[in-house]
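Student: Please take one helix of this model and walk me through it closely. I would like the bend, the burial and the ring contacts around it.

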Amino acid sequence: MKKRRLGRNGPAVSAIGLGCMGMSEFYGPTDEAESVATIRRALDRGLDFLDTADAYGPFTNEELVGRAIRGRRQEVFLATKFGLMRSADPAYRGVCGRPDYVRSACEASLKRLGVDVIDLYYQHRVDPEVPIEETVGAMASLVQEGKVRFLGLSEAGPQTIRRAHAVYPITALQSEYSLWTRDHEDGALPVCRELGIALVAYSPLGRGFLTGTLAAPDDLAADDFRRTNPRFQEEHFRKNLALAGLIRQMAAGKGCTAAQLALAWVLSRGEDIVPIPGTKRRKWLEENIAALEVTLTDEEQRRLEAIAPKGVASGERYGEAMMNFMRKAT
């Protein structure tokens, strides 16, 4: 397994990670047995970077990951998150960055995961009501106590990253990044590179759209959250389908899948970027890992730039409420 370093002075992890969110909710029916088998197969292949969060499930995804890695903790670089609040209302999303909550959330995650230490602990979403210095200060105390090894932020903007990093070194910024989501190239990414912070790219396959396997919104399960995502709505879906078709066509000519081409592009953007495509099936895990062997020529890079320039996607990447959260995290 190829390795990449998280941050200038951070740990080496597998060059591609595994996002575990969909194993518990959001992407249609779940299969716990297959999900556990997928995590264990990832470890067998040397993929050691697993990503979860307390909000996934909610709470049940950490438990699933904990069961899957039991007896194999030494093989895993384990990342989880706090701060994105859930409730009995499936649509509710809140944020909390209060220092007391940071501690209680960490203790709860450690228990659900069945581990003594979290390798990388992210603030899932920035709380605009709590100074980032206070939140990161509480996170830093968890490092000093040996409960957390490295700190991260998710979907934070340039100013927030700088302020957080001044309190305690931030190892990684996790944000959406793919051929159809390149927002951070002119904002957070240059700051991360200046400060020596890695970018962990979630949804590098555009939530499955860039795989070229979706033909219509009705291809999605009735409870699939993408049915409410703007880019998967009828008008936007039709426009984005053209992009997916061009990627699939180029991949066919190259002898790889559309997913592998999309992942190869993310990987090519810099050694400081680690994509974490999510899957709940071993079949797709193997396909994603094989993307590490796909290399892009300069001409292919230029062609992809023409196919997917910044702003190519039709529709926002989240609904209005979540986008407002992230816009405040400048």
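**A kinked helix and its surroundings**

Tutor: Helix α7 has a kink of about 25°, centred on N240. The model is a predicted one. The helix covers residues 234-254, 21 residues in total. From first C-alpha to last, α7 reaches 30 Å, close to the 30 Å expected at 1.5 Å a residue. Just after α7 comes G255, with a positive phi of about 85°.

Now burial. N240, the centre of the kink, is one of the buried residues of α7. The others are F237, L243, A244, G245, I247, M250 and A251. Their cover includes α8 (258-268) and α10 (298-307).

α8 also matters for the wider packing. The largest nonpolar core has 89 residues; L18, I39, L50, I69, L153, I161 and L173 touch the most other members. α8 gives this core its largest share, nine residues. In soluble globular proteins, nonpolar side chains tend to be buried together.

Next, the rings. The structure holds 11 aromatic pairs. F49 and F77 make one: their ring centres lie 5.6 Å apart with planes at 75°, so the pair is edge-to-face. F237, in turn, pairs with F232. Their ring centres are 6.4 Å apart and their planes stand at 65°; planes over 60 degrees apart count as edge-to-face, so this pair is edge-to-face. F232 and F237 are both buried. They also belong to one aromatic cluster with W180 and F209. A charged side chain joins the picture at W180: R231 lies over the face of W180, 4.9 Å from the ring centre.

Key. Residues are numbered from 1 along each chain as its sequence is written. This is a predicted model: local features need pLDDT of at least 70, side-chain atom pairs count only at pLDDT 80 or more; totals for chains, interfaces and linings use all residues. Side-chain values use heavy atoms; hydrogens and water are left out. Helices (H or I, at least four residues) and strands (E, at least two) are DSSP runs, numbered from the N terminus. The expected span of a helix is 1.5 Å times one less than its number of residues. The bend at a residue is the angle between axes fitted to the seven residues ending there and the seven starting there. Buried means under 20% relative accessible area, exposed over 50%, partly exposed in between (1.4 Å probe, protein chains only). Contact means heavy atoms within 4.5 Å. A nonpolar core is a set of buried Ala, Val, Leu, Ile, Met, Phe, Trp, Tyr and Cys residues joined through side-chain atoms within 4.5 Å. Rings of Phe, Tyr and Trp (its six-membered ring) pair if their centres lie within 6.5 Å; planes under 30 degrees apart count as stacked, over 60 as edge-to-face and the rest as tilted. A charge sits over a ring if NZ of Lys or CZ of Arg is within 6 Å of the ring centre and within 35 degrees of the ring normal.
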